[in-house]
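Visitor: I'd like a short tour of this model. Could we look at it together?

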Amino acid sequence: MAMSCKDGKLGCLDNGKYVRYTPEQVEALERLYHDCPKPSSIRRQQLIRECPILSNIEPKQIKVWFQNRRCREKQRKEASRLQAVNRKLTAMNKLLMEENDRLQKQVSQLVHENSYFRQHTPNPSLPAKDTSCESVVTSGQHQLASQNPQRDASPAGLLSIAEETLAEFLSKATGTAVEWVQMPGMKPGPDSIGIIAISHGCTGVAARACGLVGLEPTRVAEIVKDRPSWFRECRAVEVMNVLPTANGGTVELLYMQLYAPTTLAPPRDFWLLRYTSVLEDGSLVVCERSLKSTQNGPSMPLVQNFVRAEMLSSGYLIRPCDGGGSIIHIVDHMDLEACSVPEVLRPLYESPKVLAQKTTMAALRQLKQIAQEVTQTNSSVNGWGRRPAALRALSQRLSRGFNEAVNGFTDEGWSVIGDSMDDVTITVNSSPDKLMGLNLTFANGFAPVSNVVLCAKASMLLQNVPPAILLRFLREHRSEWADNNIDAYLAAAVKVGPCSARVGGFGGQVILPLAHTIEHEEFMEVIKLEGLGHSPEDAIVPRDIFLLQLCSGMDENAVGTCAELIFAPIDASFADDAPLLPSGFRIIPLDSAKEVSSPNRTLDLASALEIGSAGTKASTDQSGNSTCARSVMTIAFEFGIESHMQEHVASMARQYVRGIISSVQRVALALSPSHISSQVGLRTPLGTPEAQTLARWICQSYRGYMGVELLKSNSDGNESILKNLWHHTDAIICCSMKALPVFTFANQAGLDMLETTLVALQDISLEKIFDDNGRKTLCSEFPQIMQQGFACLQGGICLSSMGRPVSYERAVAWKVLNEEENAHCICFVFINWSFV
Amino acid sequence: MERLNSKLFVENCYIMKENERLRKKAELLNQENQQLLFQLKQKLSKTKNSNNGSNNDNKSSSASGQS
């Protein structure tokens with residue numbers, strides 16, 4: 001690889017001479033390269049023999065040519081990647097500059113107004129009448145709430161609400177009407193989907209996103225308006241009335257229903273006004289807001305079982321972008337009536353992070369997904385694969401079917417049987433045609449076999465179990481909780497005839513990946529349970545059972561997402577309109593709201609302990625010790641049955657779901673970190689014995705080199721060493737001893753300094769946090785660290801992961817040795833650090 | 001290019017911080033302005049009320065307590 005890569009036509013001989021190939025030779029080589037970019041020496045010799053045109057070239061030259069060719073390819077790829085990143089960054093830069101400009105104007109305007117007000121505000125102690133006061137208030141420059149024009153159901157009244165909604169939305173999207181803070185865990189960068197911000201201390205919850213999508217503005221508006229297509233929780237949007245406006249816009253009145261995510265909460269509905277219009281600068285705006293009875297506008301009677309929630313001015317600002325595509329600003333602002341749900345669930349309704357994940361980012365993801373599909377229509381399998389729309393429709397139907405099962409709306413034909421106070425609720429639906437026909441029409445589905453759908457559902461509270469890990473376990477170890485007989489029974493419902501549930505041997509399970517979204521936050525797969533079912537014609541011949549499965553939230557780093565595993569038996573034909581009767585699990589993390597108020601807060605011991613004491617009496621409390629992270633798990637299983645079997649299946653289903661609950665509890669207990677070190681109550685990975693050992697090594701090595709203690713109060717227990725280290729005021733950070741060192745551990749102060757979390761920390765490399773100067777110092781000191789074991793570094797500046805400069809008085813770096821006196825990692829302590 | 005990209009990225013981060021700061025500032029100014037406006041309004045209604053001859057001690061005390 002040491003040869004020049006610039007010109008592929010040149011081969012290099014040992015003596016340094018360059019050889020020029022003929023165009024024919026280059027063409028032949030290129031063709032060979034296309035078939036096999038890295039031929040073995042035997043293959044190369046074979047090539048020379050087979051291809052007469054190359055016969056006069058030395059084998060060594062051929063080898064070099066391939067090396068150079070590969071090198072060029074690599075460089076080209078790298079260059080195009082860098083260019084793509086550059087385009088994104090430049091666009092983002094432009095966007096930010098614009099925002100900056102706008103903000104500066106706004107500030108100067110406000111400063112101007114401020115001085116004006118100051119001049120004209122009379123000293124409160126002087127009751128003198130100042131005529132200029134009147135002009136300020138009545139000039140109409142600043143409309144006061146009491147001066148709202150008359151509001152009623154007339155077009156004029158609606159238009160005035162619409163215009164007000166638009167103004168409010170714009171001031172949130174590009175201004176300061178809501179105090180925005182960066183969404184924790186969402187680092188803006190070349191690979192992020194956009195700039196995501198969440199509200200901080202406003203009425204309700206709000207989230208904002210800004211990003212670029214490769215779709216025309218009108219197409220973007222079309223997609224975002226079709227809320228049920230991307231917002232999984234949206235059950236229905238009904239347009240009740242449409243009014244065109246004089247300026248070419250449209251005012252619509254909408255009634256929208258949202259599913260409840262769990263059986264423990266009621267669903268929500270909204271009565272909305274949506275205004276679509278084009279701004280003077282050519283931007284397209286879709287904005288919406290709840291209509292309230294107090295505004296004298298048209299009203300919508302409350303619907304039974306639904307909690308009426310409020311949408312504050314929200315919407316989409318879509319601007320055409322140079323060179324195609326759109327720049328889109330999204331604002332979601334809602335008051336979800338958190339008081340209507342049990343206290344333990346409230347964080348879910350009070351967390352702007354959850355709103356951002358579920359709604360705001362979901363919209364952006366859908367746009368990006370569709371934009372990608374548009375550009376890739378002809379290319380091979382990628383993302384959702386060759387038939388993106390059909391697969392997306394399947395995943396949507398799975399999700400929707402599961403939500404219907406969890407909610408069990410009476411208008412859909414569901415009714416509760418048995419004791420509704422039971423731990424497992426059983427509902428039946430005797431019009432499965434209607435249920436299944438929601439999105440599809442199929443010729444031979446459930447009707448001939450099953451005329452009733454029975455659903456068994458339950459919710460439980462989990463403590464200390466990371467949802468992603470639990471769900472991964474459920475996915476990968478299906479046999480731990482699933483009953484093959486039930487799978488066979490479920491599958492029989494989608495086949496032609498009822499099948500006997502007498503199954504003997506254990507079949508194997510194969511997972512076949514089907515498709516995934518761009519960011520892999522959701523994927524679909526087929527589970528093949530081998531030789532489990534029986535064909536109706538011949539009960540002896542075993543048959544494979546297929547389950548279509550949708551998984552999401554498997555990434556434990558994502559903030560505020562719920563984890564889902566939803567599956568439905570599917571006919572081996574895999575028709576797009578195959579009937580689906582989904583069952584599955586949804587795990588929703590609950591404690592996010594506690595941390596949301598302070599974006600800088602990271603995993604810490606103190607908050608972990610606080611939450612435990614503030615908790616409510618959980619019904620499924622597993623242990624008496626302090627709780628850290630809580631989540632609610634909802635399980636729903638659907639069975640297609642014949643009506644005369646109802647009683648029998650109901651008790652079987654109840655038993656089955658109870659069995660699953662106890663399996664989940666068993667698994668949860670095993671996964672819970674508190675199971676390992678319940679006394680410390682630290683979250684993973686801090687509670688692990690490994691962390692305690694590392695803490696001991698750090699302190700021992702420091703003492704060994706420096707002759708003084710790192711921690712002031714030295715107590716013997718491993719746990720207290722870790723605790724002291726964790727709470728140490730100086731930033732203590734460890735990095736690996738590789739060619740490109742990356743961070744492996746940091747204490748609380750270290751995480752604060754780097755503005756990161758324990759999980760994200762491991763993606764940061766050591767050199768990233770130093771500026772050029774610091775890097776130079778480090779390079780010169782590095783040999784000393786390796787030889788003497790430690791080095792004292794002068795004060796200087798380093799950078800947090802967000803690029804914020806941090807100054808420190810001095811720093812010490814030392815080798816951390818393990819029991820065998822081998823170097824385990826390098827530890828840094830930054831003394832008296834602060835943000836500049 | 002790599003350098004340029006990281007420069008852009010850092011620059012973006014700085015602008016973002018800067019924007020955040022401006023937003024905070026605007027927010028504060030806005031609050032202050034609202035308060036001043038509120039005071040003006042109070043003042044105005046008080047003077048109007050006193051012109052009408054109606055005595056309104058509660059309002060005047062709350063207005064003066066606003067500063």
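Guide: Happily! A nonpolar core here is a set of buried Ala, Val, Leu, Ile, Met, Phe, Trp, Tyr and Cys residues joined through side-chain atoms within 4.5 Å. Please keep in mind that this is a predicted model.

Visitor: Which helix gives the largest share of the largest nonpolar core?

Guide: That core has 53 residues, and those with the most contacts inside it include Ile196(A), Phe270(A) and Leu367(A). Ten residues, the largest share, come from residues 352-375 of chain A, which form helix 9.

Visitor: Why does this core lie between two domains?

Guide: Residues are given to the core by both domains, so it lies between them. In chain A, these are domain 2 (151-375) and domain 3 (388-675).

Visitor: How many residues are in the second, separate core?

Guide: Leu454(A), Leu547(A), Cys551(A) and Val664(A) are included in this second core. Its size is 44 residues.

Visitor: Where in helix 21 of chain A does a kink lie?

Guide: Helix 21 covers residues 772-788 and reaches 24 Å from its first C-alpha to its last, close to the 24 Å expected. Still, there is a kink of about 40° in this helix, shortly before the proline Pro783(A). The kink lies at Glu781(A).

Visitor: What covers the buried residues of helix 21 of chain A?

Guide: The buried residues in helix 21 of chain A are Gly774(A), Leu778(A), Glu781(A) and Ile785(A). What covers them includes three elements of chain A: strand 25 (790-799), strand 26 (805-817) and strand 27 (823-831).

Terms used
Residues numbered from 1 in each chain as written. Chains lettered and ligands numbered in written order. Predicted model: local features only at pLDDT ≥ 70, side-chain atom pairs only at ≥ 80, totals over all residues. Heavy atoms only, no water. Buried < 20%, exposed > 50% of the residue type's maximum accessible area, 1.4 Å probe, protein only. Helix = DSSP H or I, 4+ residues; strand = E, 2+ residues; numbered from the N terminus. Domains from an automatic or database assignment. Expected span 1.5 Å × (residues − 1). Bend = angle between axes of the 7 residues up to and from the residue. Contact = heavy atoms within 4.5 Å.
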